[in-house]
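I opened this entry to look up two things: one strand with its neighbours, and the aromatic contacts. The structure goes in first, the notes follow.

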Amino acid sequence: MNELGMAPRHRNVLLQGLGRLLLRLLGWRINVHLPHEPKVVIAAAPHTSNWDGVIGISAIVALGIRVNWFAKDSLFRWPFRGLLMALGGVPIRRDAPGGVVEQTARIFASRERIYVGVAPEGTRSRAPEWKSGFYRIALATGSPILLAYMDYARREVGTGPLIRPSGDYAADLEKIQAFFRTVTPRHPERFAAER
């Protein structure tokens, strides 16, 4: 069952059909329950393969929701700019004053509803420490963090608990990583949410 809550929507029936078709061909299912919140930071993990992005974006478009994600502005060049923007991409200047968190907070403030997806690992390689940007964005914008996963054992894209940041990053991160330890990544040796 999929509950879409207050998530921003896109109305591109062609993209929805393509997303559903790709997931069906790959043998994946969706088990997504989105909160009744207008603004959410989505922490997506594990991120150990390029397939994570393909499967994750396919699920997003199949559901007909709009989840923004940030990438360095140099990626948003012709001929890919239009496609990346249509898929929810937002160009970010990493060298801008205030950094990514401040830029994201400004974007959150300018919109009535926004869901932003972030990969806390920050890389497909093994990342011994997760990047805290997703958490700092949630704190700066007063938004909850929704945990989203791709489980290769179950071939399922889904959502887990909604976490409201307490301000104690270490304690909240332990709760977040404990959830993700229940998920099977494509490359388990690259996943660093271990005890």
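For the burial check I take a residue as buried when its relative accessible area is under 20%. I note at the outset that this is a predicted model.

Strand β3. I looked up residues 68-72, which make up strand β3. By that cut-off 4 of the 5 residues are buried, so I put β3 down as largely enclosed by the rest of the structure.

Neighbours of β3. I checked the pairing with strand β4 (residues 89-92) and found it parallel, over 4 bridges. Within this pairing I noted Phe 70, which stands opposite Val 90 in β4. I then turned to strand β5 (residues 114-118), which also pairs with β3 in the parallel sense, over 2 bridges. Here I looked up Trp 69 and found its bridge partner in β5 to be Gly 117.

Connection. I followed the chain from β3 through helix α3 (residues 81-86) to β4 and recorded a right-handed β-α-β unit.

Aromatic pairs. How many aromatic pairs are there? I count 7. I picked out Trp 130 and Phe 180, whose ring centres are 6.0 Å apart with 55° between the planes, and entered the pair as tilted. Trp 130 lies in the loop between β5 and α5 (133-141) and Phe 180 in helix α6 (residues 169-180), so I looked at the separation as well: the pair links distant parts of the chain, 50 residues apart. Are Trp 130 and Phe 180 buried or exposed? I find both buried.

Cluster. I last looked for further rings around this pair and found one aromatic cluster formed by Trp 130, Tyr 149, Phe 179 and Phe 180.

Technical notes: Residues are numbered from 1 along each chain as its sequence is written. This is a predicted model: local features need pLDDT of at least 70, side-chain atom pairs count only at pLDDT 80 or more; totals for chains, interfaces and linings use all residues. Side-chain values use heavy atoms; hydrogens and water are left out. Buried means under 20% relative accessible area, exposed over 50%, partly exposed in between (1.4 Å probe, protein chains only). Two strands pair if DSSP finds at least two bridges between them. A crossover is right-handed if, with the strands pointing away from the viewer, the path from the first strand over the helix to the second runs clockwise. Rings of Phe, Tyr and Trp (its six-membered ring) pair if their centres lie within 6.5 Å; planes under 30 degrees apart count as stacked, over 60 as edge-to-face and the rest as tilted.
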